[in-house]
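User: I would like to learn how to read one helix and its surroundings in a model. Could you take me through an example?

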Amino acid sequence: MQEQITRKFLLGFISIHILHHAKEEPIYGSWMLDELKHHGYDISPGTLYPILHSLESSGLLSKEEKVVEGKVRKYYSITKKGQETLEETVAKAKELFDEIK
């Protein structure tokens, strides 16, 4: 049970992390997997891609397809709604972390 709760929290952190990087520059799935792994999140493509699709369908990310080395790569960028959501979420997270430290 504890693992499920922890996983649910971490999935939220991963979404915030994705939005953060998509704000800096367009991102793509395999790069994001490596970036998350660098920060200790060991997730599979089967976990990441549904998160990316959910963020896109929620209007927080936009997608552009480009051909790279003969393959189609999907690049995700943050939208205005995504930026607003990220700013609000970061503010709430800072408030929470200040309270619990």
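Analyst: What follows is a short dialogue about a helix and the core beside it. This is a predicted model, in which local features need pLDDT of at least 70 and side-chain atom pairs count only at pLDDT 80 or more, while totals for chains, interfaces and linings use all residues. Residues are numbered from 1 along each chain as its sequence is written, and side-chain values use heavy atoms, with hydrogens and water left out.

User: Which residues of α2 are buried?

Analyst: Buried means under 20% relative accessible area, exposed over 50%, and partly exposed in between (1.4 Å probe, protein chains only). In α2, a DSSP run (H or I, at least four residues) numbered from the N terminus, the buried residues are Gly29, Met32, Leu33, Glu35 and Leu36.

User: Why do they lie on the same side of α2?

Analyst: An α-helix has 3.6 residues a turn, so residues three or four places apart point the same way. Here the buried residues of α2 cover an arc of only 165° around the axis, taken from the directions to the C-beta atoms, which puts them on the same side of the helix. The face turned away from that buried side carries the exposed residues Asp34, Lys37 and His38.

User: What do the buried residues of α2 pack against?

Analyst: They pack against α1, α3 and β2, where contact means heavy atoms within 4.5 Å and a strand such as β2 is a run of E, at least two residues long. Leaving aside neighbours within four places in sequence, Ile14 is in contact with Leu36, Tyr41, Ile43 and Ile51. Just after α2, Gly40 takes a positive phi of about 95°.
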